[in-house]
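Q: I'd like a close look at just one part of this protein, starting from a single charged side chain and working outward. Please go slowly and tell me who its partners are and what surrounds them.

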Amino acid sequence: MQQPTFWGRIILYVALTVMLALAGTGCSSSSSEDEGKPGGAMVNLIYYTIGEPDKDLKLVNDKINEILAKKIGVYITYVKVGWQEYEDRLNTMISAGTPFDVAFAQDFTGYAKRGAWLRLDDYLSTVGKEMYKVIDPVFWQGVRMDDGGIYGIPTNKELAVRQQWTYPDELVKKYDIDITKYNTLESLEPLLRMIKQKEPDYLPMELDKDSQNFFALDGYEYVIDKKLPLMVKSLDPNAPVVNIFETKEARQVLNTLRRYYKAGYINEDAALRENQKLKRGSKLFWKASDGGPLAVNSWSKDRGYKVVANAVTPELVTTESLRGGIMAVSAETKHPVESIKFLNLLNTDPEVRNLFNYGIEGVHYSLDENGQVVPIPPKDASGNPIPDETPGYTGVTYTQGNWFILKTMGGEFPDPLNKWDQFRSSNARVVKSSMLGFTPDLSMMPIQMQNIEMVWQKYYPSLMTGSVDIDTELPKFNQELKQAGLNEVRAEVQKQLDAWRMAHKQRL
């Protein structure tokens with residue numbers, strides 16, 4: 001066989017190089033011109049959210065991608081990170097510049113101020129206009145930052161998350177208790193005493209290391225969150241910023257909790273117990289939970305027996321409640337349009353939203369005669385339900401978009417068929433906090449904020465569960481908060497709040 005000449009070999013080499021380059025270009029997922037088009041490379045979005053990774057997560061992810069590919073021409077990689085790990089993982093990804101596209105925005109405000117999230121205003125008037133229309137305008141008011149921009153998509157749900165005190169229905173009926181009469185911490189004392197005496201199998205009162213915002217009963221809200229113990233009276237447009245632990249209201253709460261702990265009403269491990277779901281069937285008389293209308297149905301399902309609830313805080317909408325369930329797009333995403341298309345579909349398309357929340361029909365749930373969701377329990381090889389087995393897939397409802405297109409729940413404790421009408425009625429009744437939309441910028445005080453949180457972690461769990469002597473520990477707490485810089489932070493927050501109030505009055 002005749003060998004190619006020198007120049008022939010050169011020409012052949014160049015031709016092969018060009019062919020390989022063209023082939024590589026055709027296969028590359030970075031070619032933006034054809035992404036998402038028939039015959040082009042499909043965009044893959046990386047999506048992180050909170051929640052324990054499910055056994056069937058890949059199965060659900062594959063089904064989601066089948067639908068997303070048809071409807072908007074994208075795939076997603078659906079990553080769930082455990083409840084205890086998510087905060088650190090998100091911080092590490094953002095700090096290290098790890099690529100991702102969409103995430104559940106825990107500490108939304110802090111990361112927005114760090115420039116972690118993409119500004120969405122232009123997209124909300126184009127590819128995201130459908131979801132902008134369906135989400136309640138109050139949510140958009142609550143997530144808009146001081147620069148006037150929107151950096152996240154709020155979960156369209158109840159506007160007011162109320163503190164509700166729950167009790168076993170069986171005991172309420174047995175002792176003919178009118179739970180609506182018990183709206184203060186002090187008023188619970190005779191009930192707790194009776195339960196301890198007459199129902200020794202029941203824990204009278206359950207608290208954990210996060211305790212509860214008992215100060216909301218006196219009309220206070222945090223300016224950021226409880227790790228910075230600065231609060232303001234929600235409905236007073238001129239209320240000063242205070243260290244809540246220097247107020248008479250806090251002293252009364254702490255004294256009451258200490259008395260309850262010493263009497264044996266509160267679980268002994270309260271200051272160490274993690275905030276998590278109770279074990280099914282746990283015999284517990286009183287527990288506080290935050291939730292919207294009809295949340296009691298979910299709590300009954302979780303507990304395995306019927307509970308009843310009394311809301312002890314008003315239908316008040318705060319910045320914190322509006323920013324509790326936000327999905328955001330990374331400022332570094334290479335696929336902003338596709339990310340917004342995905343979020344738009346998640347908030348407007350019932351098929352997609354229900355798939356994320358409940359899993360696959362026929363695998364993870366069935367529908368009853370009313371069209372309500374009935375979970376299919378995990379089964380053994382013989383097809384028998386496995387008691388207390390973790391479901392194959394569970395969505396985290398508040399983290400993943402518009403509730404009003406979700407199917408309602410059936411089963412043992414069914415939702416009313418008009419559930420979402422009840423939510424709309426509740427949203428129509430809400431009262432707005434006088435600080436709605438205010439978020440202080442404390443980026444210039446990182447050392448003080450870090451030191452304050454360290455002091456908070458040292459004292460808060462034990463004080464707010466009644467586990468330690470108040471006369472001894474409260475003065476230490478307040479003194480160390482001052483040494484950590486709380487007074488300087490309080491003065492800065494007050495200055496910013498005064499300026500915000502003035503600008504807000506001018507806008508009105």
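A: Let's start with Glu 249. Its relative accessibility is 14%, and the cut-off for buried is under 20%, so Glu 249 counts as buried. Keep in mind that you're looking at a predicted model.

Who does Glu 249 pair up with? Its side chain meets that of Lys 233 in a salt bridge, at 4.0 Å from N to O. Now check where the two sit: Glu 249 belongs to helix 10 and Lys 233 to strand 8, so their salt bridge ties together parts that are 16 residues apart in sequence. Is Lys 233 buried or partly exposed? Its relative accessible area is 30%, which makes Lys 233 partly exposed. So here a buried Glu 249 is joined to a partly exposed Lys 233.

Let's follow strand 8 for a moment. Strand 8 covers residues 230-233 and pairs with strand 7 in the antiparallel sense, over 3 bridges. If you'd like one of these pairings to find on screen, pick Tyr 222, whose bridge partner in strand 8 is Met 231. Zoom out a bit and you'll see an open sheet of 3 strands, in the order 7-8-9, with antiparallel pairing. Strand 7 (220-222) and strand 9 (242-243) are the edge strands, each pairing on one side only. What holds strands together like this? Strands of a sheet pair through backbone hydrogen bonds, either parallel or antiparallel.

Back to helix 10, because there's a second salt bridge to see there: Arg 251 forms one with Asp 471, and their closest N and O atoms are 2.2 Å apart. This pair links distant parts of the chain, since Arg 251 is in helix 10 while Asp 471 is in helix 17 (residues 470-484), 220 residues apart. As for exposure, Arg 251 comes out at 29% relative accessibility and counts as partly exposed. Asp 471 comes out at 52%, and the cut-off for exposed is over 50%, so Asp 471 counts as exposed.

While you're at helix 17, look at a salt bridge inside it. Lys 476 and Glu 473 form one, with their closest N and O atoms 3.6 Å apart. Both residues lie in helix 17 and are 3 residues apart, about one turn of the helix. Lys 476 is partly exposed at 39% relative accessible area, whereas Glu 473, at 18% relative accessibility, counts as buried. If you add up the salt bridges in the model, the count comes to 27.

Helix 10 has neighbours of another kind, too. Helix 10 (248-262) is among the elements that the buried residues of helix 9 pack against, along with helix 8 (169-174), strand 6 (203-205) and strand 10 (284-291). Which residues of helix 9 are buried? In helix 9 (residues 189-198), they are Glu 189, Leu 191, Leu 192, Met 194 and Ile 195.

That list of packing partners brings us to strand 10, which is mostly covered, with 7 of its 8 residues buried. What lies alongside strand 10? Strand 5 (residues 162-168) runs antiparallel to strand 10 and is joined to it by 5 bridges. Two pairings to look for are Thr 166 with Lys 287 and Arg 162 with Gly 291. Strand 6 runs parallel to strand 10, and 2 bridges join them; here Leu 203 has Leu 284 as its bridge partner.

Now put these strands together. They belong to an open sheet of 4 strands in the order 6-10-5-11, and the pairing is mixed. The edge strands are strand 6 and strand 11 (307-311), each pairing on one side only. From one strand to the next, the twist averages 35°. Helix 11 (residues 295-303) packs on this sheet and touches strand 5, strand 10 and strand 11; its direction makes about 145° with that of strand 11.

So, to retrace the route: Glu 249 in helix 10 leads to Lys 233 in strand 8, and Arg 251 in helix 10 leads to Asp 471 in helix 17. From helix 10 you can also step to helix 9, whose buried residues pack against helix 10 and strand 10.

How values were computed: Residues numbered from 1 in each chain as written. Predicted model: local features only at pLDDT ≥ 70, side-chain atom pairs only at ≥ 80, totals over all residues. Heavy atoms only, no water. Buried < 20%, exposed > 50% of the residue type's maximum accessible area, 1.4 Å probe, protein only. Contact = heavy atoms within 4.5 Å. Pairing = 2+ DSSP bridges. Axes fitted to C-alpha atoms, helices over the stretch in contact; angles between N-to-C directions.
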